[in-house]
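These are my notebook entries on salt bridges and internal cavities. The structure I consulted is shown below.

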Amino acid sequence: MNSTSAYAMHELTKESRMGARGLETSREIRIIDLTDFEQRKTEIADALWQASTEIGFFQVSGHGIPLADINAAFARAAQFFALPQEVKARYPLNRNAGWEYRAQIRPSTGKPDQKESYQVTRPRMSGLWPDEVTLPGFRDEVLAFERQCWEVGMKLLSCFALKMGFPEEFFSQAHDPSRETYQSTLRMLHYFALTGEPDGPWRAGAHTDFDCLTLLFQQAGQGGLQVCPGKEQETQSWTSIEPLEGLITCNIGDMLMRWSDDQLPSNFHRVRSPLPGESVDARYSLAFFCQANEDVLIEGPGKKYPPITARDYLAQRISANFSGKY
Ligand SMILES: O=C(O)CCC(=O)C(=O)O
Ligand SMILES: [Fe+2]
């Protein structure tokens, strides 16, 4: 086994141990305010670094995406998922673009997540947009929201770049949306309403994300997200993140963990099924995955791991989740 596949195997083994219910515990959920970002950048970078290394996840406020735009993006997601199955089936998922239905099998559970999702990866959307008759304005509005998410993601990553000793623009150049190699992804998710007993304890099985950084939006009354910081994975104790309007919950992903020579631990999370007495309605969420462009080389400041392109890195991880497909 070469060192690249040994590394991938290590991450998958780590994940396959995380499927148990475990314990629930409350942890500090640090909220970092990004208001006046340019003037406060040093202080914000310190706060982000501390939250990421001490706790392993954080939320941001004052990020500049108006609540109305977040709500509009949720409305767009609901509109898309309400399309008939045969219409959605015209946009099949391929390489993080398009629609999948109960197709993501997590190594932690060996079962499909109880969801469907639609993913937008800018350069790969040919033939995958509903047309203007089916969903007028959908494409432009979703792309505008994707751009707003990118702006926030790059602000946060510029702070991590400073702390890692890279130039401030390092990560926005690595996630350049004007290039064909761009592969950051906006994902809309729809977890099905329960009609009887839940099909297992998880709507989405425990996992870390493959990317550098994930921005996650939840809607009021539609909780279920739980996190267990990667560095505490042995404890298997999970903390619920209740949805709070306008806040973005942020996870460090495996790509940034590797890029930071493991200084920034990626963050296990899962979505649990409703418990008796909780709402059985559908749950919608939105996730933006900052994934460096395909041709970018991932190499940490201390060169702890051999360099790997972001394309090869993602391909390995995606094929482990979608039955060998990439
Ligand atoms: O729906 C959520 O809250 C989490 C989604 C998620 O973790 C993912 O898609 O990677
Ligand atoms: Fe995730």
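How many salt bridges does the count come to? I obtained 19 salt bridges in this predicted model.

I then looked up individual pairs. Lysine 41 forms a salt bridge with glutamate 168, with the closest N and O atoms 2.2 Å apart. This pair links distant parts of the chain, 127 residues apart: lysine 41 lies in helix H2, and glutamate 168 in the loop between helix H5 (138-164) and helix H6 (170-174). I noted that lysine 41 is buried, at a relative accessible area of 9%, whereas glutamate 168 is partly exposed at 30%.

Next I checked aspartate 295, whose side chain meets that of arginine 179 in a salt bridge of 3.0 Å, N to O. Aspartate 295 sits in the loop between S13 and strand S14 (297-298), and arginine 179 in the loop between H6 and S6, 116 residues apart. Both count as partly exposed, aspartate 295 at 39% and arginine 179 at 37%. I also recorded one network, in which salt bridges that share partners join Arg95, Arg124, Glu294 and Arg311.

I turned to the cavities. A search of the whole structure gave three of 30 Å³ or more, and the largest has a volume of about 310 Å³. Its lining comprises 24 residues, with Arg106, Arg187, His207, Asp209 and Phe289 nearest the centre. Strand S13 (283-290) is among the elements that give two or more residues to this lining; its four residues are the largest share. By class, I listed ten nonpolar, ten polar and four charged lining residues.

Notes: Residues numbered from 1 in each chain as written. Chains lettered and ligands numbered in written order. Predicted model: local features only at pLDDT ≥ 70, side-chain atom pairs only at ≥ 80, totals over all residues. Heavy atoms only, no water. 1 Å grid on protein atoms, 1.4 Å probe; cavity = no way out; pocket = protein on both sides within 12 Å on 5 of 7 lines; lining within 4 Å. Points joined across faces, edges and corners; volume = space filled by probe spheres on them. Nonpolar A, V, L, I, M, F, W, Y, C, P; charged D, E, K, R; others polar. Salt bridge = Lys/Arg side-chain N within 4 Å of Asp/Glu carboxyl O. Buried < 20%, exposed > 50% of the residue type's maximum accessible area, 1.4 Å probe, protein only.
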